[in-house]
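Student: Please take a close look at a single helix of this structure, and then go on to the enclosed spaces in the protein.

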Amino acid sequence: MILDIFQYDFMRRAFIVGILLAVIIPCIGVIVVFKRLSLIGDALSHTSLAGVAIGLLLGFNPVLGAIAACLLAAFGIEAIRKRIPRYSELSIAIVLSVGVGLAGVLSGFVKNTANFNSFLFGSIVAISDFEAALVIGISVLVFLAFLFLYKELFYIAFDEQAAGLSGVPVRLVNTIFTILTAITVSVASRTVGALIVSSLMVVPVATGMLLARSYRQTVILSVCFAVTSTVIGLFTAHFAGTTPGGTIVLTGVMLFLLALLAKKAAGLAARRKMKGAARGDK
Amino acid sequence: MQDEYAISVKDLSFGYQDTLLMDHVSFSVGKGDFAAIIGSNGTGKSTMIKLLLGLLIPTEGEIRMLGEKVQGPTHFGKVGYVPQNGGSNASRFPATAMELVMSSLYPQIGFLRFPGKKHREAALLALKQVGMQSHAGTLMSELSGGQQQRVMLARVLVNDPAVLLLDEPTVGIDAAAVASLLEILHTLKIERKVTILMVTHELYSVAPYLNRVLCLSDKNFAEDEIPEGILVHAHAGVHENTHEHVHCAACEHAHDPGHCSACEHIRENGGAL
């Protein structure tokens, strides 16, 4: 029976954590994509590895190290972005370089490499009670913040200057969003993997954008696609014996390709219908 | 009397780094005026709009908007701003016309609050004002350039502004869409006494609706000193719209179209009137 996997405690936990992350990561991803900062997830998750290494070296929980490193990186990106607004994407590349460099150097000193490597591709089925509680707490926080700041985030993502002119506290909202992004990425790095988290942030949003007829629909569809790919990915990983993080992301890419084909097919059908109607008129 | 004017600028100077762009500029725009800022590229037209909005701080001088000193972007909703290429930028964002107009209601809704029925009705009304209510649920990317620009206008109208600042709103849209946009602005000026200040390079099409033209050149405004070619177009507008006159030196003699030497001149040369 396919549902037998729920008899395992670690699988139940993996599903709960995975679905919660699948709800909040696209919420962050939508804003990140529309602010044209799609690669921010990559920069933060790679920097989180430096925090993981520091945590492992100094003997405290690596997830907390990842959160601290992500926060520093996120504020670093914002600070650089403000100084070179015309080339804001460079800020991500610079922080990404720092993160990768630091993680590379520090990982050389880590004795327990298996623990460090678990952050590269994640280990959603091996997370501790503390980490599960952290994900649940952060998910609730991010979801509520996204809900209450929905119109502010929408406005800033659309036009930061216009938002400021309308009285939106742009700096405050951006700061809150930066913190939420950093903690989401660092926690997700532990579960789905630092090398994969940015894909979860972008791929479901790209799929949602293909089919949505409004911003609101884009958000809802992105979350739906992320949850679907997480559930399918976890089942597939369990039965096929593959890495859960990678399987979830590959499932997400499959859904994107299917949506792309569906959209193309719908476009062709609409064109045929229009041609048919035009012939009928003649 | 400051309050006679919607916009009042006194001895304003501004520059970027070592380059002085405006040198002791003074001008005012009366309440209910429909004025245009013209001038060559790089003379600081868009910069002036940003100064008026409080997005830039002048190095010297004072700006007053609706009687209050401008010290930053504080006239939330009272001053509407339609940016350059606003419509085409909006088309890259997967939002509907309604969603974009709703977002502009922020000054009325407030921080951490949710929009209600009255806000949705206000957004629909603003779209109706620009003839776009039937496209409320349409994605911006699926609208034409002219329709996108009308939605951008609805975004500012939804707050019932007293002043409208538009930065080249007619760029990239066809003649019919330009005419439609200008008619909407004209109606706003007549019916709601909205003060309109528009940066434009297309004085020919805008002129019939204007009652002020401010020409920015040589780091200052020169009202009534409009480049000759543009002035001719401005005159053309005077003839086509008898209830509005372009406020320039030559215009004062242009009450009778048949006797306007500038227009006859351009007709003889096959100019586009």
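Tutor: In this predicted model, helix α7 of chain B covers residues 175–192. Its 18 residues, at 1.5 Å a residue, should span 26 Å, and the end C-alpha atoms lie 25 Å apart, so the expected and the modelled lengths agree. At the start of α7(B), a side-chain oxygen of B:Asp174 comes to within 3.2 Å of the backbone nitrogen of B:Ala176. Just after the helix, B:Lys193 has a positive phi of about 55°.

Between these two ends, the buried residues of α7(B) are B:Ala177, B:Val178, B:Leu181, B:Leu182, B:Ile184, B:Leu185, B:His186, B:Leu188 and B:Lys189. Their cover includes parts of chain B on either side of the helix in sequence: the strands β3 (34–38), β7 (163–167) and β8 (195–199), along with the helices α5 (117–129), α6 and α8 (203–206).

One of these covering elements, α6 of chain B, also takes part in the lining of the largest cavity, where α6 is given as residues 145–157. The other elements that give two or more residues to that lining are α1 (45–53) and β6 (79–82) of chain B and α8 (160–165) of chain A. The cavity has a volume of about 290 Å³ and is lined by 24 residues. Nearest its centre lie A:Leu165 and A:Ser166 from chain A, and B:Val79, B:Gly80 and B:Tyr81 from chain B. By class, the lining holds 13 nonpolar, nine polar and two charged residues.

In total there are four cavities of 30 Å³ or more. The second largest holds about 90 Å³ of space, and its lining consists of A:Val32, A:Lys35, A:Leu37, A:Ile40, A:Leu44, A:Ala74, A:Ile77, A:Glu78, A:Phe177, A:Thr178 and A:Thr181. The elements that contribute two or more residues to this lining are α2 (40–58), α3 (62–83) and α9 (170–191) of chain A. Seven of the lining residues are nonpolar, two are polar and two are charged.

Helix α3 of chain A also contains A:Arg81. With a relative accessible area of 13%, A:Arg81 falls under the 20% cut-off and therefore counts as buried. Leaving aside residues up to four places away in sequence, A:Arg81 touches A:Lys35, A:Leu37, A:Ser88, A:Ser91, A:Glu160 and A:Asn174. Of these contacts, A:Lys35 and A:Leu37 are among the residues that line the second largest cavity.

Note on methods:
Residues are numbered from 1 along each chain as its sequence is written. Chains are lettered from A and ligands numbered from 1 in the order in which they are written. This is a predicted model: local features need pLDDT of at least 70, side-chain atom pairs count only at pLDDT 80 or more; totals for chains, interfaces and linings use all residues. Side-chain values use heavy atoms; hydrogens and water are left out. On a 1 Å grid over the protein atoms alone, a cavity is a set of points where a 1.4 Å probe fits but cannot get out, and a pocket is an open set with protein on both sides within 12 Å along at least five of seven lines; lining residues have an atom within 4 Å of a point. Grid points are joined across faces, edges and corners, and a volume is the space filled by probe spheres set on the points. Helices (H or I, at least four residues) and strands (E, at least two) are DSSP runs, numbered from the N terminus. Ala, Val, Leu, Ile, Met, Phe, Trp, Tyr, Cys and Pro count as nonpolar, Asp, Glu, Lys and Arg as charged, and the others, Gly among them, as polar. The expected span of a helix is 1.5 Å times one less than its number of residues. Buried means under 20% relative accessible area, exposed over 50%, partly exposed in between (1.4 Å probe, protein chains only). Contact means heavy atoms within 4.5 Å. A polar contact is a pair of N or O atoms within 3.5 Å; within protein, one must be able to donate a hydrogen and the other to accept it, and residues adjacent in sequence count only if both atoms are side-chain atoms.
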